[in-house]
Amino acid sequence: MSLNVELLESSFSQIKEQRTDFTTCFYNNLFADYPEVKPLFARTQMEEQPKKLFKSLVLIVESLRQSDVLTNALKGLGSGHLQYGVLPEHYPMVGSTLLKTLAICLEEAWTSEVEQAWSEAYSVVMKLMLEGAKEAERSELQLAV
């Protein structure tokens, strides 16, 4: 994994200062741009969901220098998202929303280098979460047999 860890950490430190605005903007963007995902949140306590999102982002950024911790955490997240009905086609929607929200919140600090770093990082996140979901599905199938 050859991510630009320093750039991800420094840009995320700016986001930490505006976590409530960031998460509000994220969900506003997600539901406006992709209304088809709204049913996935039907049984979700939306007052708690922004905290969960931000906690996950903190975990990811703080684990960038520990690939085994990051891999296990993301595979676990992917596995856990199966229960909400999250499908592989939802991941690009979330990724697009994440990048859009980062751009809005970082303003002039959103450079092409920062965009590339986050885009590459999300590709890794998505890959590992999807691997976790596939592993969980295989385990469920094996248990059903």
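Helices α2 and α5, and residue S11

The crossing of α2 and α5 is right-handed. The model is predicted, and this pair of helices is a convenient place to enter it.

Helix α2 covers residues 19–33, and its axis lies 9 Å from that of α5, at an angle of about 135 degrees. Angles between 115 and 145 degrees fall in the oblique class, and therefore α2 counts as oblique to α5. On the α2 side, the residues that meet α5 are F22, C25, F26, N29, L30 and D33. Their partners in α5 include M93, V94, T97, L98 and T101, and also I104 and C105.

Helix α5 itself runs over residues 90–106, 17 residues in total. From its first C-alpha to its last it reaches 24 Å, close to the 24 Å expected at 1.5 Å a residue. Among the buried residues of α5 are H90, Y91, G95, L99 and L106. M93, T97, L98, T101, L102 and C105 are buried too, and these six also take part in the contacts with α2. An α-helix has 3.6 residues a turn, so residues three or four places apart point the same way. After α5 comes E107, which has a positive phi, near 50 degrees.

L106 leads to another helix, α1, since L106 is one of the residues touched by S11. S11 lies in α1, which spans residues 5–16. Leaving aside residues up to four places away in sequence, S11 also touches V114 and W118. Is S11 buried or exposed? Buried means under 20% relative accessible area; S11 has 3%, so S11 is buried. The side chain of S11 also reaches the backbone oxygen of L7, at 2.9 Å.

Conventions: Residues numbered from 1 in each chain as written. Predicted model: local features only at pLDDT ≥ 70, side-chain atom pairs only at ≥ 80, totals over all residues. Heavy atoms only, no water. Helix = DSSP H or I, 4+ residues; strand = E, 2+ residues; numbered from the N terminus. Buried < 20%, exposed > 50% of the residue type's maximum accessible area, 1.4 Å probe, protein only. Polar contact = N/O pair within 3.5 Å; in protein donor to acceptor, adjacent residues only side chain to side chain. Contact = heavy atoms within 4.5 Å. Expected span 1.5 Å × (residues − 1). Axes fitted to C-alpha atoms, helices over the stretch in contact; angles between N-to-C directions. Parallel < 35°, antiparallel > 145°, perpendicular 65-115°, else oblique. Left-handed = near helix turned anticlockwise from the far one by under 90°.
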